[in-house]
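Got your viewer open? Load the model shown here and get ready to click along.

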Amino acid sequence: MTVLIVGGAGYIGSHMVWQLHDQGKKVVVLDDLSSGHTQSLPSKVPFVQGSMQDRVLLDRVFSDYDIKAVMHFAAFIEVGESMIDPAKYYENNVVATLSLLNAMRANEVKYFVLSSTAAVFGEPQYTPIDVEHPKNPLNTYGHTKLMVEQILADYDRAYGLKSVCLRYFNACGADPHGRTGESHDPESHLIPLILQVANGRRDVIKIFGDDYDTPDGSCVRDYVHVNDLCSAHGLALQAMMADEQSKTYNLGNGQGFSVKQVIQAALEVTKTPIAVELAERRVGDPATLVADSSLIQKELGWEPKFANLHDIIAHAWAWEKKCY
């Protein structure tokens, strides 16, 4: 069986490619390289540069490589940008994904795993957040992901295209072997931003508010290692192909860490001074976001292997030092 990894040269996608490659699985990568890096991929994995909207290219890839399943990591993910330029996000995250799904239908490929997001929930009504939590996205990015989830439900009902939607919380860390890691430009995720300060590439890390209703006043988030996310994808695909059922799961570490705790852990890992600046709260930042991942643990036996915050930061720090 060959799996097509769309967006496979990006952060999470490249880790997925390495994980399947290490398991001896056949993988093909499709990526337009708008944010991906081919140097993050195994040299022997077939790579095709192009867009999900290029139907001729998609048909050729499905035909040439006998694709049986697709994993989708090619969405745009910047929340702020999605509010400034929503057209860009609807075009790529929804329209282009529809193109991919229709190419799958035409080529009789019926297994699909979606990289979704906790942004579909919006302001939490309770925490930890389970899969049944009401969905009310606060930004365009979240709206696009929820739309694709709804499209997939319709495609299952009407066409029998099976899917698993995996709603991530805060993806973080890097390949423990140093083969790939997080390289966004611009970077917006907390852990790599902190490590850029430790490595001298950034002057200061800002804490946006320290008066939240949390133990130390700073926001609490659920940080889940990228390799653990990928292992969930593998389990989800196996289960979907075995029982022919579409599913939705939340993916998180199951415990929350505050901004101040993450900074302190980074200090201990890097043994390097990290300049911190207190700033005003950002609009729309909930005090606490923690995942309830019990459903995927119960049904698929998934457990985070790298749940320790220091391990997560150590892997990310090794990648930061290697690249810069």
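What follows is a tour in a few stops, each with something to select and something to look for. Keep in mind that you're looking at a predicted model.

**Stop 1: the core**

Start inside. Select Ile5, Ile12, Met71, Leu166, Leu237, Leu251 and Ile296: these have the most contacts inside the largest nonpolar core, which has 35 residues. Now colour helix 7, residues 226-243; helix 7 gives the most to this core, with 8 residues. In soluble globular proteins, nonpolar side chains tend to be buried together.

Zoom in on Met71. What does Met71 touch, not counting residues up to four places away in sequence? Among its partners are Val3, Leu4, Ile5 and Val6, and you'll also find Met16, Val113, His233, Gly234 and Leu237 there.

Next, select Leu57, Val70, Met104 and Leu152. They belong to a second, separate core, which has 28 residues.

**Stop 2: helix 1 against helix 7**

Keep helix 7 on screen and add helix 1, residues 11-22. How far apart are the axes of the two helices? They are 9 Å apart, and the helices pack at an angle of about 60 degrees. That angle is why helix 1 counts as oblique to helix 7. Turn the view around and you can check the crossing of helix 1 and helix 7, which is right-handed.

Now show the side chains at the contact. From helix 1, pick Tyr11, Ile12, His15, Met16 and Gln19. From helix 7, pick Val226, Asn227, Leu229, Cys230, Ser231, His233 and Gly234.

**Stop 3: Ala171**

Leave both helices visible and click on Ala171, which sits in strand 7 (residues 170-172). Is Ala171 buried or exposed? Its relative accessible area is 14%, so Ala171 is buried: the cut-off is under 20%.

Leaving out residues up to four places away in sequence, Ala171 touches Tyr11, Ile12, His189, Val224 and Leu229. You've already met some of those names: Tyr11 and Ile12 are part of the helix 1 side of the contact, and Leu229 is on the helix 7 side.

Then try your viewer's distance tool on the C-alpha atoms of Ala171 and Asn253. These residues are 82 residues apart along the chain, yet the two atoms are separated by 9.7 Å.

**Stop 4: Thr180**

Select Thr180, in the loop between strand 7 and helix 6 (190-198). With a relative accessible area of 0%, Thr180 is buried. Which side chain makes a polar contact with the side chain of Thr180? Look for Ser14, at 2.7 Å.

Setting aside neighbours within four places in sequence, Thr180 is also in contact with residues including His15, Trp18, Ser40 and Trp319.

**Stop 5: helix 6 against helix 10**

Bring up helix 6 and add helix 10 (residues 309-323). Their axes are 10 Å apart, and they pack at an angle of about 55 degrees. That value makes helix 6 oblique to helix 10, and the crossing is right-handed. To light up the contact, select Ile191, Leu195, Gln196 and Ala198 in helix 6, then Ile312, Ile313, Ala316, Trp317 and Glu320 in helix 10.

Stay with Leu195, Ala198 and Trp317, and add Thr270, which touches these three (residues up to four places away in sequence aside). Thr270 lies in helix 8, residues 259-270, and counts as buried at 9% relative accessibility. Follow its side chain and you'll see that it reaches the backbone oxygen of Ala266 at 2.8 Å.

**Stop 6: backbone oddities**

Switch to a backbone view. Most residues other than glycine have a negative phi, and most peptide bonds are trans.

Click on Lys271, in the loop between helix 8 and strand 13 (276-279). Lys271 isn't a glycine, but has a positive phi of about 55 degrees. At 71% relative accessibility, Lys271 counts as exposed.

Jump to Leu33, in the loop between strand 2 (26-31) and strand 3 (47-49). Leu33 also has a positive phi, of about 60 degrees, without being a glycine. It is partly exposed, with a relative accessible area of 28%.

For the last click, which residues does a cis peptide bond join? They are Thr127 and Pro128, with omega at about 0 degrees. You'll find Pro128 in the loop between strand 5 (111-117) and helix 5 (140-159).

Key:
Residues are numbered from 1 along each chain as its sequence is written. This is a predicted model: local features need pLDDT of at least 70, side-chain atom pairs count only at pLDDT 80 or more; totals for chains, interfaces and linings use all residues. Side-chain values use heavy atoms; hydrogens and water are left out. A nonpolar core is a set of buried Ala, Val, Leu, Ile, Met, Phe, Trp, Tyr and Cys residues joined through side-chain atoms within 4.5 Å. Buried means under 20% relative accessible area, exposed over 50%, partly exposed in between (1.4 Å probe, protein chains only). Helices (H or I, at least four residues) and strands (E, at least two) are DSSP runs, numbered from the N terminus. Contact means heavy atoms within 4.5 Å. A polar contact is a pair of N or O atoms within 3.5 Å; within protein, one must be able to donate a hydrogen and the other to accept it, and residues adjacent in sequence count only if both atoms are side-chain atoms. Axes are lines fitted to C-alpha atoms, for helices over the stretch in contact, and angles run from 0 to 180 degrees between N-to-C directions. Angles under 35 degrees count as roughly parallel, over 145 as roughly antiparallel, 65 to 115 as roughly perpendicular and the rest as oblique. A crossing is left-handed if the near helix is turned anticlockwise from the far one by less than a right angle, and right-handed if clockwise.
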